[in-house]
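This report looks at one helix and at a set of charged side-chain pairs. Please keep the sequence and the model side by side while reading.

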Amino acid sequence: MKENRNSGQAYRLMNAAFKAAGSLPLWMLYGISDFVAFLAGGVFGYRRAVIRKNLSASFPEKDGKELKKIEKGFYRFLGDYFVETVKLGRMSKKQILRRMKFEGQDEVNKCLENGKNVSLLLGHYGNWEWISSIPLHLPEGFHAGQIYHPLENEAADKVFYDLRSRFGAENIRMKDTLPTVMKWRREGKPFIIGYIADQVPLFDGMHYFADFLHQDTPAFTGHERISRMLHAAVFYCDIFRTKRGEYVCRYVKLTDDAAALPQFELTKKYYGMLEATIRRTPHLWLWSHNRWKRTRSDFYDYYGKEEAEKRLSHL
């Protein structure tokens with residue numbers, strides 16, 4: 001009981017702080033962002049070892065000067081991501097519609113109106129939190145879900161839960177994805193679900209390693225399994241930052257029917273598209289994430305050769 005009370009108090013304090021900060025104009029928040037970037041990158045070296053390891057392995061063709069430029073750009077963007085996310089809680093519909101635009105929305109909406117479920121695949125690139133404004137662009141009456149992994153801190157988790165549902169998106173815990181999808185399918189109304197699929201999967205249930213940024217990369221395939229089950233149309237979200245505080249999400253259709261593709265083809269397409277996005281403007285990806293901490297050899301050690309190869313042979 002006491003723990004729940006403390007968590008509730010922490011949530012109220014954090015929520016109040018976010019709302020107070022979010023009430024500031026973006027130009028002022030970007031001043032705070034610059035200071036945060038200076039502290040994170042210049043003073044404390046936040047996750048610097050992980051960032052440098054990831055960059056050097058991902059861009060072996062770049063010299064030290066080029067890698068340092070990406071690193072500095074990443075720290076600046078990390079500060080922007082933080083203040084932009086804080087701002088999300090106080091933005092009006094008019095503001096978010098002006099700052100977060102979607103190209104190709106008509107094609108996505110047409111799929112829904114024609115009875116097709118839609119899967120959106122994106123990465124931790126640009127301000128992925130602002131993508132949660134998609135429901136503002138959909139016809140009325142359709143579910144718009146986004147898969148998320150709860151944060152360990154309960155208060156922070158609730159604050160981000162509120163932010164991500166600010167404009168009508170429905171948050172779905174990763175473990176609840178299949179039951180939620182099945183419930184919505186029984187209701188008989190098409191729906192759209194976004195998957196941020198570039199995280200590190202646990203070996204339990206893993207079936208694929210992707211060739212991604214010059215590295216053998218363990219890959220989530222849950223989005224592919226569910227999309228195939230639903231015969232969903234699948235779009236990749238190609239994110240552009242046109243200027244500070246303004247983004248465009250350009251939908252790229254990967255397939256009209258996920259089940260029509262060979263196994264793993266959708267996941268392969270996704271990682272190819274994401275890599276192209278990252279190479280175009282690399283500092284906008286989440287380089288501080290320890291993306292390659294689990295290896296193929298670890299996977300084989302975990303399961304043994306026979307079982308590992310069996311798992312990698314099918315979804």
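The text below deals with the packing of a helix and then with salt bridges. The model is a predicted one.

**Helix H3**

Helix H3 spans residues 48-58, and its buried residues are Val50, Ile51, Asn54, Leu55 and Ser58. These residues lie on the same side of H3, because they cover an arc of only 125° around the axis. An α-helix has 3.6 residues a turn, so residues three or four places apart point the same way. Ala49 and Lys53 are exposed and sit on the face of H3 that is turned away from its buried side. The cover over the buried residues of H3 includes helix H4 (64-88), strand S7 (215-219) and helix H10 (265-280).

**Salt bridges**

The structure contains 22 salt bridges. The table lists some of them, with the distance between the N and O atoms.

| Basic residue | Acidic residue | N to O distance |
|---|---|---|
| Lysine 68 | Glutamate 71 | 3.5 Å |
| Arginine 164 | Glutamate 129 | 2.9 Å |
| Arginine 280 | Aspartate 238 | 3.2 Å |

Lysine 68 and glutamate 71 belong to helix H4, where they are three residues apart and thus separated by about one helical turn. Lysine 68 counts as partly exposed, with a relative accessibility of 34%. Glutamate 71 is buried, at a relative accessible area of 4%.

Where in the chain are the partners arginine 164 and glutamate 129 found? The salt bridge joins the side chains of arginine 164 and glutamate 129 at 2.9 Å, N to O. Arginine 164 is in helix H7 (residues 154-164), while glutamate 129 is in the loop between strand S2 (118-122) and strand S3 (143-148), so the pair ties together parts that are 35 residues apart in sequence. Arginine 164 and glutamate 129 are both buried.

In the salt bridge of arginine 280 with aspartate 238, the closest N and O atoms are 3.2 Å apart. This pair links distant parts of the chain, 42 residues apart: arginine 280 is in helix H10 and aspartate 238 in strand S8 (residues 233-243). Arginine 280 is partly exposed, at 35% relative accessibility, whereas aspartate 238 is buried, with a relative accessible area of 9%. Helix H10, which holds arginine 280, is also among the elements that cover the buried residues of H3.

Which residues are linked in a network of salt bridges? The network links Asp34, Asp80, Glu84, Arg241 and Arg244.

Terms used: Residues numbered from 1 in each chain as written. Predicted model: local features only at pLDDT ≥ 70, side-chain atom pairs only at ≥ 80, totals over all residues. Heavy atoms only, no water. Buried < 20%, exposed > 50% of the residue type's maximum accessible area, 1.4 Å probe, protein only. Helix = DSSP H or I, 4+ residues; strand = E, 2+ residues; numbered from the N terminus. Arc of directions from axis to C-beta. Contact = heavy atoms within 4.5 Å. Salt bridge = Lys/Arg side-chain N within 4 Å of Asp/Glu carboxyl O.
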